[in-house]
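Student: I should like to understand how the descriptive terms applied to a structure are justified. May we go through them one at a time?

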Amino acid sequence: MACLHDHSCEDHDCSSDWSLYKHIDLDKVSALNEATTGTVKSVFKAWEHRLNTSGEHLESNEGDPELLVFIPFTSDVKIKSISIVGGADGTSPSKMRAFINRDGIDFSDAQSMQAIQEWDLAENMQGVLEYQTRYSKFQSVGNITLHFPDNFGGDTTKIHYIGLKGEATQLKRDVVATIVYELMPNPSDHKTRAETGGGFSHVE
Amino acid sequence: MVLEATMICIDNSEWMRNGDYSPSRFQAQADAVNLICGAKTQSNPENTVGVLIMAGKGVRVLVTPTSDLGKILACMHGLEVGGEMNLAAGIQVAQLALKHRQNKKQQQRIIVFAGSPVKHEKKMLEMIGRKLKKNSVALDIVNFGEDDEEKTEKLESLLAAVNNNDTSHIVHVPAGPNALSDVLISTPIFTGDGEGGSGFAAAAAAAAAGGVSGYDFGVDPNLDPELALALRVSMEEERARQEAAAKKAAEDTSKQGGEQQAGSQEASSQDATMTERASASTSEAENKTTDLMDDENALLQQALAMSMDEPAVGHDVKDTDMSEASVDDPELALALQLSVADSTKDQASQSEVLADQSAVSDILASLPGVDLNDPSIKDLLASMQNKSEKKNDDKSSNEEKK
């Protein structure tokens, strides 16, 4: 496990830093222009397995290197940095653009919108490169959309691993969790203050 | 039960005037569209469907994706046939309409009815197909109407470009005895990618296979359960009411008054249940009108029967008529009954009321525009007073005689 930090790895465990994948809502992860539906979920795994290229990976359609990955979280997170492990032979993505807290972005939206941050990626076969974020902008992230517009010349774009480093808060964003629709009002559901005691006004 | 937003692209070009699909290609297409909309909204209540036309003056969206079936059916009226179909533009506009759907969680699907020849290049269609696939939009193509190899080849290549995991389909419908909608019912366009199909589609398929015969009222209970229920209910009510009417007729010939009251109350209570059941189904208005018409027919028949059997009971016929006509309001019926009973008991009651002069003058004073001091009114009152005096004299003389 090569951690090219400028310190020795024995003191800390790198994998615990990259544990934000545990807070991803995997069921709702989706990707556009993936060759096989559902393979996008395979790129979110533990740090130890990032170089494991034998299993499933995310691949774009033939002749089209663009990829769009939508990642919702189970609670708001702060993202410090992102790591991408791409494929060999020019199938690694060369650029990455991120959008925060936007639902339902498709390719035309992604191309026309201003991203919150953009990075130029390098081929990261050893999985040691990480791309830092402008932390102040990534403070309360409910979902993040990553757009990979281009690759290093391959026919398709392959991604084996997407790692996120940061902290998870316990807060949730704007979730209207329990809505009860009433067809007819049920008085027992609507106890007034007068009935339960307290309150100053009442109707004679 | 996939949550889906669908855009249906209709071909209303000149080629749709042809009658090789009965009654005309355009009409067959419209029926198929209605059926599809129903199936989609039934399989998941949050599904939305939109419609656009590809020919005419140009590609135009008639309805943006909505779950309101009425809107969709309404917009299909008054569509004109003409112009040339623009398949590429139609699909692109449909994609745009789907992009702006309100619920982003819905899957996107386009259903295209390709009836006229396709004038676009194969390459262009493939490019469009790839764009749809990239944005994960599924495409269903209904190839009907004009039949040439080039068209079929182009549409097949379009499907190959779009198809992702068998979510897109193409159906070729040749002209023939079967209606376009019947052929479509058994295809994956209706049954939704082999999920087992919605109940609607499966039942409709069974109905189509079995033909129209064999149903009680000539209406398939599966295709239109509400209409079938309404017909069945009104049949039962008609039978029950006729029994009640027959019973009443038998009773009327033997007794009056009390029986009539009971009969009318019975009929009114029956009517209450009738109206309750009618309100449960959506064709309430139909039920009521048929009931009223049946009531009138029965009234006539009853009147005829009675007048032929017993001319002496003419008075009762009138009473029956009144009670029958007023069964909608049981209180009114009761009131009428009482008033009729009263009048039979004391025929002179009305004239006695008039004879009470003070009461009459009070009544007249309460009437607007009547001046008690008006000489004509005074004369009238005086004449009535004389009449009542005469009657009283007669009565007293009769009593004396007795």
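**Terms and their grounds**

Tutor: Let us begin with A:His147, which is buried, with a relative accessible area of 1%. Please keep in mind that this is a predicted model.

Student: Why is A:His147 called buried?

Tutor: Buried means under 20% relative accessible area. A:His147 has 1%, and therefore it is called buried. The residue lies in strand β7 (residues 141-148) of chain A. Among the residues that A:His147 touches are A:Leu68, A:Met96, A:Phe99 and A:Phe107, not counting residues up to four places away in sequence.

Student: What makes the pair of A:His147 and A:Glu66 a polar contact?

Tutor: A polar contact requires a pair of N or O atoms within 3.5 Å. The side chains of A:His147 and A:Glu66 are in such a contact at 2.9 Å.

Student: How do you know that A:Lys95 and A:Glu118 meet in a salt bridge?

Tutor: The rule asks for a side-chain nitrogen of Lys or Arg within 4 Å of a carboxyl oxygen of Asp or Glu. For A:Lys95 and A:Glu118 the N to O value is 3.3 Å, so the pair is called a salt bridge. This pair links distant parts of the chain, with A:Lys95 in strand β4 and A:Glu118 in strand β5 of chain A, 23 residues apart.

Student: Why is A:Lys95 called partly exposed?

Tutor: Partly exposed covers values between the 20% limit for buried and the 50% limit for exposed. A:Lys95 has 29% relative accessibility, so it counts as partly exposed. A:Glu118, at 38%, receives the label partly exposed by the rule for values in between.

Student: What makes the side chains along strand β5 of chain A alternate?

Tutor: In β5(A), residues 117-120, A:Gln117 and A:Trp119 point to one face and are buried, while A:Glu118 and A:Asp120 point to the other and are not. Strand β4 (residues 95-100) of chain A pairs with β5(A) in the antiparallel sense over 4 bridges. Within this pairing, A:Met96 stands opposite A:Trp119.

Student: How do you know that β4 and β5 of chain B pair?

Tutor: At least two bridges are needed for two strands to pair. β4(B) and strand β5 (residues 137-143) of chain B have 7 bridges, in the parallel sense, and therefore count as paired. One of the bridges joins B:Arg109 to B:Ala138 in β5(B). Strand β1 (residues 4-10) of chain B also pairs with β4(B) in the parallel sense, over 6 bridges.

Student: Why is strand β4 of chain B called mostly covered?

Tutor: In this strand, residues 107-114, 7 of its 8 residues are buried, and so the description applies.

Student: What makes B:Glu146 and B:Arg25 a salt bridge?

Tutor: The N to O value is 3.1 Å, and the limit is 4 Å, so the pair qualifies. The partners carry unlike labels: B:Glu146 is partly exposed at 23%, whereas B:Arg25 is buried at 3%.

Student: How many salt bridges are there between chain A and chain B?

Tutor: The count is 4. In one of them, B:Lys99 and A:Asp106 meet at 3.6 Å, N to O, a value that meets the limit of 4 Å and therefore earns the name. The contact takes 12 residues from chain A and 8 residues from chain B, and the area buried between the chains is about 830 Å².

Note on methods. Residues numbered from 1 in each chain as written. Chains lettered and ligands numbered in written order. Predicted model: local features only at pLDDT ≥ 70, side-chain atom pairs only at ≥ 80, totals over all residues. Heavy atoms only, no water. Contact = heavy atoms within 4.5 Å. Buried area = accessible area lost by both parts, 1.4 Å probe. Buried < 20%, exposed > 50% of the residue type's maximum accessible area, 1.4 Å probe, protein only. Helix = DSSP H or I, 4+ residues; strand = E, 2+ residues; numbered from the N terminus. Polar contact = N/O pair within 3.5 Å; in protein donor to acceptor, adjacent residues only side chain to side chain.
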